[in-house]
Amino acid sequence: MSEQQQTKTEQSQDFGGRLAALRRAAGLSQQQLAEQLFVTRQAVSRWEQNRTQPDLATLQQLTAALGCSLDELVGGLDPDAAFRRRCAAWQKATRFAFWLALAVQLGLFVLGAARGQLDWVLLPVLLFLCGGSLHPILAMMTSSGDYTMLAGYDPDAAYDEKKLETLVRAMDLWVQLTTAGISLIAVPLAFAPGGWSFGVLIVIQAVGLLGAIGCAQYKYGRNLVTGYPGLAAKAKPGRELAKDIQTQQAKPVLWWSGLFGAQFFLCLFCAGVFRIPNNSPGAIAQMATMLPGVCLGIVFLLCQTGRAKRMAAEGREWKINKSGAVMLSGAAALMVLQLLAAVFMQGGGSW
């Protein structure tokens, strides 16, 4: 079978391809069909691209507009065909980006070792730990269907399995593409004079990693939870309860995001303004005051999101409590200590 014939066969086996064929057979444009259904042309386009699917009432309107039966429109279709094709394509792209990045990182490691440059030995290791090391974990999740290791996974919640798998695959793909891109950027910088490139690449990798995960979460992480069957709730059941819980949990997440952003900015500020180099007493003082603050922020996030879920299930609004305020105050105090350490150890200090 030729590639063109195979493509036509695949299109006839999914809803979007069949809808487009029936629409053309009826002599209708996407705009004309949309007007008959009182929807936008973009909605019809998304149906034909298998990005979304109409509900049952709209399917019945479609059969009337196209002059066909419901069986002609959806009969014999594999509802998961488009989803599986997309997963397979993303998996191939993710594996390619992972192995490309790993090959480049090995080359940088060998180059750094041959030239006796510790920074360029550590850089590929850090790039792998911050990006490539996530691929085996996320791939194991999608292959086994076990997402309990995923950050933020709630054992009390019931998830839409397709949406959850799509989110994990998207995060894996975007993280590996980001890591591969930064690894390739590092190749010409390895031959550039000066030692500024190491710190810049680490910052870019950290920002890129957070950005990739954040973008995947924003695009594919909506309406993952279908309900909380294991949670005795006085509030609304099902999806409405899930939305209430997510709304309440977003409040401590915003507090933590502000704290983490301030901590990240303070690290850049202290390193840049007070010129604290790597492997110096000043750098160790920065780490000693920064890491406990970051850990306090993570504890705050975990405790307060769990508390927000319980309060939403009871029909109450989340407000920060005394323990949460103490953790935030402790993190803020550690940031003050970090700034004071940078002031008193300008230039890195001496051993």
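Which residue has its charged end over the ring of Phe83?

## Charges over rings in helix 7

In this predicted model, the charged end of Lys162 sits over the ring of Phe83, at 5.9 Å from the ring centre. Arg86 lies over the face of Trp90, 5.3 Å from the centre of that ring. Phe83 and Trp90 are both among the buried residues of helix 7, a list that also includes Cys87, Thr94, Phe98 and Gln105, and Trp90 forms one aromatic cluster with Trp174 and Tyr220.

Helix 7 covers residues 81–115, and because its 35 residues should span 51 Å at 1.5 Å a residue, the 51 Å between its end C-alpha atoms agrees with expectation. Just after this helix, Gly116 takes a positive phi of about 70°.

## Stacked rings along helix 12

The structure holds six aromatic pairs. One of them joins Trp256 and Phe260, which are stacked at 5.4 Å centre to centre with 20° between the planes; both residues lie in helix 12, four residues apart, or about one turn of the helix. Trp256 is partly exposed at 22% relative accessible area, and Phe260 is partly exposed at 26%.

Phe265 and Phe269 also form a stacked pair, with ring centres 6.2 Å apart and planes at 25°, and they too lie in helix 12, four residues apart. Phe265 is exposed at 57%, whereas Phe269 is partly exposed at 33%.

## A nonpolar surface patch

Phe265 and Phe269 belong to a nonpolar surface patch of about 850 Å², whose members also include Val273, Leu339 and Phe344. Helix 12 (238–273) and helix 14 (322–344) each give two or more residues to this patch, and the largest share, six residues, comes from helix 14. Leu339 lies in helix 14 and is partly exposed, with a relative accessible area of 32%.

Key. Residues numbered from 1 in each chain as written. Predicted model: local features only at pLDDT ≥ 70, side-chain atom pairs only at ≥ 80, totals over all residues. Heavy atoms only, no water. Patch = residues over 30% accessible without salt bridge, like charges linked within 9 Å, V, L, I, M, F, W, Y side chains within 5 Å. Areas by Shrake-Rupley, 256 points an atom, 1.4 Å probe, with all protein chains shown as cover. Salt bridge = Lys/Arg side-chain N within 4 Å of Asp/Glu carboxyl O. Buried < 20%, exposed > 50% of the residue type's maximum accessible area, 1.4 Å probe, protein only. Expected span 1.5 Å × (residues − 1). Phe/Tyr/Trp six-rings, centres within 6.5 Å; stacked < 30°, edge-to-face > 60°. Lys NZ or Arg CZ within 6 Å of the ring centre and 35° of its normal.
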